[in-house]
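Biologist: I am new to this structure and would like to begin with one part rather than the whole. Please take a close look at the paired charged side chains, and then lead me from there to whatever lies around them.

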Amino acid sequence: MNPAAIDRAVQALRSARRVAVLTGAGVSAESGLRTFRGATAPDSPPDMAALWKEFDPMRLATPQAFEADPAMVTRWYDWRRLGCLAAEPNAGHMALARLERWTLSRDGAAFTLLTQNVDRLHQRAGSKAVVELHGSIIEWRCTKSGRRTLPPTQPFTQFPPPSQWGGLLRPDVVWFGEMLPEDALRRAEEAAGACDVFLTVGTSAVVWPAAGYIHRARATGATTIEVNPDQTAASDAVDIVLRGTSAAVLPAIVAALLE
Ligand code: OAD
């Protein structure tokens, strides 16, 4: 960790009134959840390999894949759902919840946490203003009525799971080729277009429109900060790069803010 870079990030946050954060799968890596394409550390166990290195997203994460084989797709998402339910928020999630409270304790402040994660760990850590850009795997929805439901914490017993409203149940996530929820897009646009600091954490910044919010914030004059152990597609575009894991770097930032 680079203390001078941490200090610059802390100064930027101290003078900011409006803060926006974008998170990706890396934030949940230290909770034991696998990233999609992030580099796997040489010493990480084989069962932590990035998901899209082991599984083909075109056969699992598209409307066409669900139509072709709803049993396989829902079985895979149920496996991931149970993994998310079993995981606990880590120090990085906790620090972001504290950063929200610290920011909002000041006059005229605004805070928005845009997440690409579907695991609900930010909410479980206490974050309030969370915008789920890619939906949630914890809730499922009926293919016929569109109604959402919170399935029990046990595995489904039938694949694809039948819905009580006459259709099938599918995870309430955004698949490749689908639109992001309108409300999430609106809130993300608003936050990225009017923030003083934009913090991007644990994302490879290759999936749009999420990655575009970093550039949008930069174009509107925000100080942009990246927390990631590795180089990403956004690294060269941000003002401050903090190389390290979110569970190490974020608590250090919050501790310095609270000093
Ligand atoms: P990726 O898997 O593409 O990227 C994860 C990022 O986290 C990489 O840049 C890693 O270097 C970084 N990382 C790994 N461990 C970390 C740690 N402990 N602390 C901080 N960073 C760490 O995941 P996303 O960028 O979230 O979409 O992927 C975006 C979207 O692509 C996902 O929401 C998903 C996927 O396809 C859909 O399923 C629609």
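Modeller: A residue counts as buried when its relative accessible area is under 20%, as exposed when it is over 50%, and as partly exposed in between. Please keep in mind throughout that this is a predicted model.

The salt bridges come to 12 in count, and a short helical example is a convenient place to start. Aspartate 183 and arginine 186 join their side chains in a salt bridge, with 2.5 Å from N to O, and the two residues both belong to helix α8 (residues 182-193), where a spacing of 3 residues amounts to about one turn of the helix. Aspartate 183 has a relative accessibility of 42%, so it falls in the partly exposed class, and arginine 186, at 43%, is likewise counted as partly exposed. Elsewhere, salt bridges with shared partners connect Arg120, Glu132 and Glu139 into one network.

Within that network, the side chains of arginine 120 and glutamate 139 form a salt bridge of 2.9 Å, again from N to O. Because arginine 120 sits in the loop between β2 (110-115) and α7 (121-125) while glutamate 139 belongs to strand β4 (residues 135-142), this pair ties together parts that are 19 residues apart in sequence. Arginine 120 also deserves attention for its backbone, since its phi is near 65°, a positive value in a residue other than glycine.

A further salt bridge brings together the side chains of aspartate 172 and arginine 148, at 2.6 Å from N to O. Here distant parts of the chain are linked, for aspartate 172 is in strand β6 (residues 169-173) and arginine 148 in strand β5 (residues 148-149), 24 residues apart. With a relative accessible area of 10%, aspartate 172 is buried. The loop between β5 and β6 holds proline 160, and a cis peptide bond with omega of about -5° joins phenylalanine 159 to this proline 160.

Another cis peptide bond, with omega of about 10°, connects tryptophan 208 and proline 209, and proline 209 is placed in the loop between β7 (197-201) and α9 (212-219). Alanine 205 is also found in the loop between β7 and α9, and although it is not a glycine, its phi is positive at about 60°. The relative accessible area of alanine 205 is 8%, so this residue is buried.

From here we can turn to the ligand, around which there are 24 residues, with Glu30, Phe36, Arg37, Thr203 and Ser204 coming nearest. By type, the residues of this shell divide into 8 nonpolar, 13 polar and 3 charged. Glutamate 30 places a polar side-chain atom 2.8 Å from a nitrogen atom of the ligand, while a polar side-chain atom of tryptophan 52 is 2.9 Å from an oxygen atom of the ligand. Alanine 25 takes part through its backbone, one polar atom of which is 2.8 Å from a ligand oxygen atom. Taken alone, the ligand exposes 790 Å², and the protein buries 93% of that area.

Definitions and conventions
Residues are numbered from 1 along each chain as its sequence is written. This is a predicted model: local features need pLDDT of at least 70, side-chain atom pairs count only at pLDDT 80 or more; totals for chains, interfaces and linings use all residues. Side-chain values use heavy atoms; hydrogens and water are left out. A residue is near a molecule or strand if one of its heavy atoms lies within 4 Å of it. A polar contact is a pair of N or O atoms within 3.5 Å; within protein, one must be able to donate a hydrogen and the other to accept it, and residues adjacent in sequence count only if both atoms are side-chain atoms. Accessible areas come from the Shrake-Rupley method with a 1.4 Å probe; for residues, only the protein chains shown count as cover. Ala, Val, Leu, Ile, Met, Phe, Trp, Tyr, Cys and Pro count as nonpolar, Asp, Glu, Lys and Arg as charged, and the others, Gly among them, as polar. A salt bridge is a side-chain nitrogen of Lys or Arg within 4 Å of a carboxyl oxygen of Asp or Glu. Helices (H or I, at least four residues) and strands (E, at least two) are DSSP runs, numbered from the N terminus. Buried means under 20% relative accessible area, exposed over 50%, partly exposed in between (1.4 Å probe, protein chains only).
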